[in-house]
Each structure stands twice: as C-alpha cells, then as structure tokens.
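Work through the following exercises with the coordinates open, and try each task before reading its solution.

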Amino acid sequence: MKSALNRKMSELKAVLFDLDGVLVPTAAIHMRAWQALFDEVFSAKGWGPAYTDADYYAYVDGKSRYDGVGAVLVSRGVELPWGNPQDPGDVFTVCGLANRKNEVFHTLLDGAGVEAYPEAHRVLSSLAKQGKKVAVVSSSANARQVLASTGLLCFFECVVDGVVCAERGFPGKPAPDSYWEAARALGCEPEECAVVEDALSGVQAGHAGGFALVVGVDRGVGEQSLRDAGADEVVTWLDPLAPFDPLDRDRFPVDEWKLVERGVEGDRAVSATLFSLANGYIGVRGDGDGTRGLGHGTFVNGFHETFRIHHAEQAYGFASVGQVIQGVPDAVAFEIQLWPCGVTVDSLGGATDCGQSECRSAMASDVVRLSAPESTTQEVDFRTGVWTRTAIHTTVLGRVQVEEQRMVCLANRHLVVASVEVTPLDSPCHVSVRSLLDDVVSAQERSDSLDPREADTVQEGGLDLNQSRTDDVRTLSSYHCLNSRLGISVGTHAEKTLSTSTRVVTYVAYHGDEVPPTGVVDCLAVVGDQDPTSREADCARTLDWACSQGWDAIAASQETYLADFWERADVIVDTGDETTGPIQQATRWALFQLAQASAQVQGHGISAKGLSGSGYSGHYFWDTELFVVPFLTYTNPTAAKAVLEFRHAMLPAARRRAAEMDVAGALFPWRTINGEEASAYYPAGTAQYHIDADIAYAVSQYVGVTGDTRFLVGQGLDILVETARMWVDLGFYGDDGYFHIHGVTGPDEYSAVVDDNFYTNAMAKFALEAAVRAATARQTTSQSEDLISVESAVASAESGSTLSGPVDCGEVESWAKAAAAMCLPVADGIHPQDSHFLTRESWDLAALSKDPRPLLLRYHPLVIYRHKVLKQSDVVLALHLLSDWFTPEEKAADFAYYEPLTTGDSTLSVCTQTVIAAEVGREDLALEHLRDALFVDLANFHGNTGSGVHIACAGGVWTALVAGFGGLRDCGTKPALSPRLPSSWKSLTFPLRIGESQVRVRVTHEGAQVTVVSGDDVDLPVA
C-alpha cells in the first residue's frame, strides 16, 4: 500500500537533504538575523524600502549569505564593492555585511538553541535501515555545527555546505552544482537521487540538475509555489519520505495478531501504555519502569480525586472543582528471591525442590535478588487478551527465566489475574515468589509541564487506608480518596504451584463506589463515606469465583469473548504488498483498544485515554460520541447504548450547568468524570457548546442503525429535547433573518469564542431536526396541546425518560424554525469556518521559532487565535458527519482550502481527513493521513503516548478504513456505502451490525459485495 511518493523513494539509492527548514528549523533564526542586519544597515544609510520577510523568500532563501546580501542590495538599487570573505562585519562590503549577518546568527543561535524537527531522526533512521545513502547540501557555512548540535551528523556520509562550495567555487542555488557534488560523493548519478528542499531556489536547483525526484517541503512558501519551481511532490513534514511503516521492526516485529516488544530500549512509559490491559472498568498498564510509567499502574473507571481549581481571576460560572483519575492499589507485581541449594527456606511463597536431603538455615547473605534482565520480551495477544513478559536474568546461581502473565478479565468487570513462573535454567536453586500489593498511592504527582494533555495535579489528596485484614493467601483492604470521599476495596488471593519451577497466580478483585454522575454534593466530596464492609464482601465473592474457575477457565472465557469480538469487528486489509502486515497489526491493535475500553463500560463513560493512563486527567470528552460510539453502534450496540445511557444519567448536572450558563435545557460538560464541568479554561472548554449536538448526533445514529425506538422515545428523547431547548435559547435571529449562534468554540481549538462557527451551526441544525422528528414520533393521543407530557413520558415505560417539562406543538415548531433558518454561509466558494476566519492573518510556518507542532505548547493562545490556522478542521468534520448536505464540488473546494491550514495537532484530525481525502480523490493524501492515524500511538507521533492510548483515534482508525475507503456514510440517520478503495489495494473487508442483522462487506475494485451473515436482509445502498 505504498503511496506514489513511497514507490518513487523505494526505487532510489540516495536522498539529498537541504538543512535549514528541512531537517532543522534554523530558517527562523536565519530570518531574524537577516532582519536585524538590514534593519540596522537600512536605518543607518537611509536605504529603503524597509526589509521584510518577502525579501527573504525572494532574494535570500536557499542562497549563500554573500549572494543573499548582493541580491537584496540590487533590489534596492544599492551598489557596494564585493570585498572578500575575510572582511570583518563592520566593513561596508557585500562580504562584510554577510559576515556581520553570520555573527548575528551565531548570537541568536547560542541564545535560542536549535533542535531538529521531531520526525528528522525517525525518517533518517528509517532511510538508513533501507540502505539509502543520505547527504546534506546547504548554503550555510554552519551546517556541520548545527548537525552536530542536533545529533544528526552521524547519519550523513557527505555534507556539502557553504564552506565546501566556497573552496570549490560552486555557484549557489538555484545552480545545481552543489547537489551534483553530493551525488558524486555518494557514488550516485542524479537520476538515482531525490532532492528534498524547502526553498524555491533549492527546488529549482534539484529540477535543473536532472534529479529523479524533487520533493518540496512546505514550511510556509506554499505548495503551488514549490510545484511551480519544479517540485514533483510536496509534503508538509518529512515522514512521507519514509516507508509507510515507521516502527523499528527489530524491536516491534510484525505479527498481525500480537504486539511484541523485544528488549528494553526506548521510552518505558510508552511501552507501559502500548501493552496496557483493560476491560472498561479496570485498566492495568504494561511493563514499564519501576512505577510502570506514571506512578499509578492500575486505574478504575470513574474512581477519581477532586481538588479546588484556583483561577487567577475568578468569574461567575467558572468551573470550581477539578477532577482527576486516581490510581488504585497495584497488585500485579511479585517479589522474587533465590537461595543456593543446601539452604533451608521458609515458605515466603514456595520454593523449588533443590534435590538436597540436608540443608542448613538461610542467612541474609544467602539471599540473591534479581538484577536487571539481560534479555526481555513482552507481548499482548489480541486473540487471548493475555499480556506475557519473559525475561532472562543472570545471577551468581546461574541464569533464571521469569515469565509473567496478566489478564484483565473481559467477561468479569471486577477481576484481574496475574501469574509469574520462575525457572532456573542452569542448575537447581531455591526460588521464593511473593505476590505484592502496592497500596502507597498518592495524588496525581505535580509536573512542571505546561502540556494540557497531561493529568491535572493535586497537591493534597490521594488514597487513605480504612482497614485491612489478611491471612496466608488472601488480603482484603479498603481505601477512600481524601477529597472526593469515593471508596474502593481491593482483594487479593495467591495460589502457589511447586515443581521444577515455581508459579504463583494472584487473583485481584476491585469493587469501588459507583459514581453518580451528578457532581459534587459537599465541597469536594462526590459521595459520603460508605461502609467498606459490603465492598470487601463483594471482593471476597469475586475471589471465590475466580479460585473456583482457575487460570485456565478464565483464559478460555477470555478467548471466547475475543473470538466473538473479532467476528463482529475485525477489519481485514489486503494491500497487495509488504505493508499488509504492519497495517493489519496496527489496525487490530487499535480495535483491541476499543474492545478493552468498552467491554464492561456499563454505568460509566469512555475517557480520552480509556484506562491506559492518566492523560487528560481521565476525563470524558465529545470525541467518545463521534469517534468511539460509531464503532460500537455498528459492532457492539449494547455498549453504544451503555455510553449513551451514561450521558443520560448526567442530565441533572447538565441542566444545572445550563442554568448557570443562562440557557434553557441541558448543557453537557466539556470535560468531566462526575457530571460537573472540569474545564478551567473556558475558551477551549465550556465554550464548546457543540458537545450537545455531538451527543444528539450519536443518539440519532444509534437509533437509525439499531432501530431501537424504545431508547429513542425514552432516554434518547430526553437528550434530544433538552439539547434542542439549549440551542434555541443560545442562538438568535439576526436582522438578516438567519438564526445565529455567537460566542462559541468549535472542535478546532485554535479558533476560540467565535460567531457562527460552521460546525457548531450545522450540528445544531441536525440536532434540532432530530429533536423535531423524535418529538413528532412520540405524539400522544391526548387532546391537550402537549405533544409530550412529563407524565406520559414517564408512565410509558420503562423508557427511563426524565423530561424536565412538557413539550408542546409551539416548542417543536420553534426548533424546526431555528433549524430551517440556521446560518450556514458560503463565501468565495467555500464554507467559512466562522464569521471572521477568512479575514484572519495567514500563519507563516517558516517564521516559527521552533517546531510548530503542537502550536499550543509554543505560542500564547491569543497569538494562535488571530491566525488562519487549524488544530483540526471543523468544516471537514462536518463534510463527513453530514455528508448528504454537501455536493461533491463543495466537498472538494472545502477540503482543498482547509487541508493546507490544518496542523494535525489533534490526533482526531487525520482520521477525518482520511475520509474526505479519499472521497474527493486525494488518494495519496488519504493514505498519508491513514498512516498517521494507525501509528499515532505505536510510533508516539505526538510525544504523549506515555500518558495513555488515544482511544478516540483508535476509533478513528476504524472510521478512516470503514468510512474512508469502505465508503460507509449514514449522516446520523441511515447507512449507505460509497467505497473509495485505494488503487494499489486489493481488498478491504469489514462486518457491520445493522438492526438485528450481521453483514459482511467486501470491497474490491469490482465493487462492494454485501453478505448477510445472520438475520434478515438489510437495506444498505451501494453507490
């Protein structure tokens, strides 16, 4: 499944890179140095007009500094003697001024420092493993110094820099001589090389030199300008130059049904995340460092600590109580000790039979503890749900193999099972194994990071032990959070087996207070203290059941559960080349994360990181409804319904929040665990009113696919009605007759508190229309004007409806009127993201001081807000969710406009861009975005995988494949297919659950074949 660029790159022997703006962001420092030079000189001499960034691109970029000075002076009609390269900076010659610029550059460089673009190491390593030769060709005399300071110098066999060019008399770019020299030094012909450049003069040099491939890197010059200069391909970052598969396959071998890691190199917190196990209620991180990466190795859904949010300037309605997921006692670790033969060992956990008839008593000096392993392998099997880690340790008693295994039970929400087996490999020795319960769990640790993606910090809080009792094999303990007062009980039971090896199996039960999603009840408390005795009794019953089953039976039930899951959810890709294996492995890893996040989710939500880490503080966001619930709706509707029922349970708190925000109906919190708004930064939090429409969309989609009208007229109706009430109260009719919604933030958090955000307005229109349909369908036979009365809704059943007030015909008409009049403008052939977006200043990526991703860690929000730049494209997301509302021409125009402005700082962005890129015929771009979605965590593209899996992006992988290339569309109402299989793929196969029927869709270049696996025939149109 190679893209066209990948195919071209695979045929070449060498890659010749420019330096500034391609491998390192020193272009910004150069620009500042040039600006400082000419500001000073022009001011002193009275020359003009003033120097600008436009001059940099027109006269300086890509050239030697001497040629650059000369070109700028000529543009101003100034003549100076050329001088010579030894002229000091205070001499008014071309060379003197150029040397002064170099002095300024070094001063700035020493002050600011420079780092390589984050993908540079990754891409260069990948090219090296392919056996590609690489060189740097730069006009800068400082190239070697910069490469050395960034750790990149070791990759290059050849560096042709400004020093080399001066010594050999090569003309500067756009002349191709310096690139010819690099190719010659590598032993290659130009037709065997690729040139990678960000400067127009460099692209022109590559084109003029007859090189096989010229790749333009758009760091701000613009795609069309690079193509006009001769670029064959244009990319926005370097990863597309590498093979589709970015993983180190010596460390992570390809296995379509497992994720395997060999060795202990790399970020252990990332490994702890990648090998996490969960079931929707309990999450246990994989092997990492001593604290398994976060200090908190185990989490329970909804179990959280609270804290006061301290605002520098308080205002009415600001969130006041923060929430952060709280780690719970960890019970999957073991203590292993060895003794030599001939020494008596007490039963700390059992010992192997050493074969000696006479033994002496053990002394402290006899004890041998395991040191760091000399080799290790860990894996998680997607078909069994079992994590396994095998390590070889060398000790004074010989080599010892330690095999740990772990299950978080998918069929029993309260149970974790862990085992360890220790086997002496060289000679017999005593082995003692003891199961450990680590119950020293503090509040979330403080971090100096400004990254809002990390967990909030709690200065005072954490777990406190209530009571504990233990015997030889079982421990029952109870704890509570100091602030939230939530309680949890943990039970452990250890069983030992002795033979030539020692094996201990530990069963662990977690029973916590159920979290009523209605917010705090007193100060920081969520619920009052509860008697832990009943929770401990529940733990004991869970442990009794586990012991009666044993490891083998529990493992068998795990396999049965997953076999059914894969029958309902597996997406099978056949690319026709060697990328099938990596893509299939990454796809199944993502789907496995979704299985783990949802298996036992009843009564809870699905947080942004699932239960794999504490990132985003364990909060639930909008992305669950739009990127996870669609997957569940089509593969596990019971789980989808559970997530929506959890949102319904939040309605009392959502109504209180709406009243606090001075709107009618219900306003769901932007981020929460217990139902209260926990977002301390309202421009990117509370202002995202679109969450109400996102939840309404998920309700409508669920009902449309499953046919669950009972849910619709009950809990679903409550959500649709209360959110519709919010929309009509939030918006207003302008003098133009349109219904406007002002002062909101869309999914793109780089444009905050705007008027008529297109996505928000479009989704609000959809939600209002859905409420009209649902209310009309729920009409009573009453002669009153009420379509739906509180009494009739509650009495009708078992529906679970909790409407806050009756719905009459006039109210329903007001929803329909607002929807019909919704402001959804078109300007210059595109849909403006908001009323002022098109008038904002364009973002000059080349002028960024450091790597631009993510911008939110580099620039003040106000700097970002004033620019025409996107974290993710609201409009493109609307094109996908509301596909039927737009013509093909509108989709193509909107995508072409917003794609170059999108940074992809949100992991969700690439999923949606895959879908629309495929639909509008941008196949290469769709494959590039799919790659980013597949490997965002596995390759840690965003640098925060260590804090947990991006669960919504895992759902987005399913969307990218099934909706992007499989062409699934339902617009929140009824499904249809319009496949867009990549030209290089052979087939794509996926199952769908529609109503009571299970179907299997197989897409090839001959079309889409829909087979009913079970149930009745389904109406699934194929375009």
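**Exercise 1: a residue in a strand**

Task: decide whether Arg969 counts as buried or exposed, and then describe its surroundings.

Solution: In this predicted model, Arg969 has a relative accessibility of 11%, and because buried means under 20%, Arg969 counts as buried. The next step is to place the residue, which is found in strand 33, residues 968–969. Turning to the side chain, a polar contact of 2.8 Å joins Arg969 to the side chain of Glu919. Finally, when residues up to four places away in sequence are not counted, Arg969 touches several others, including His880, Ser883, Val915 and Lys974.

**Exercise 2: a residue in a loop**

Task: determine where Asp570 lies and which side chain makes a polar contact with its own.

Solution: Asp570 lies in the loop between helix 13 (532–569) and strand 26 (572–574). Its relative accessibility is 7%, so Asp570 counts as buried. The side chain of Asp570 makes a polar contact with that of Arg588, at 3.0 Å. Leaving aside neighbours within four places in sequence, the residues in contact with Asp570 include Trp257, Gln584, Leu591 and Phe990.

**Exercise 3: the span of a helix**

Task: compare the expected span of helix 15 (residues 623–635) with the distance between its end C-alpha atoms.

Solution: At 1.5 Å a residue, the 13 residues of helix 15 should span 18 Å, and the end C-alpha atoms are 18 Å apart, which agrees. As a further step, examine the axis, which bends by about 45° at Val629, with Pro630 following within four residues. To finish, consider the burial of helix 15, for which 13 of 13 residues are buried.

Terms used. Residues numbered from 1 in each chain as written. Predicted model: local features only at pLDDT ≥ 70, side-chain atom pairs only at ≥ 80, totals over all residues. Heavy atoms only, no water. Helix = DSSP H or I, 4+ residues; strand = E, 2+ residues; numbered from the N terminus. Expected span 1.5 Å × (residues − 1). Bend = angle between axes of the 7 residues up to and from the residue. Buried < 20%, exposed > 50% of the residue type's maximum accessible area, 1.4 Å probe, protein only. Polar contact = N/O pair within 3.5 Å; in protein donor to acceptor, adjacent residues only side chain to side chain. Contact = heavy atoms within 4.5 Å.
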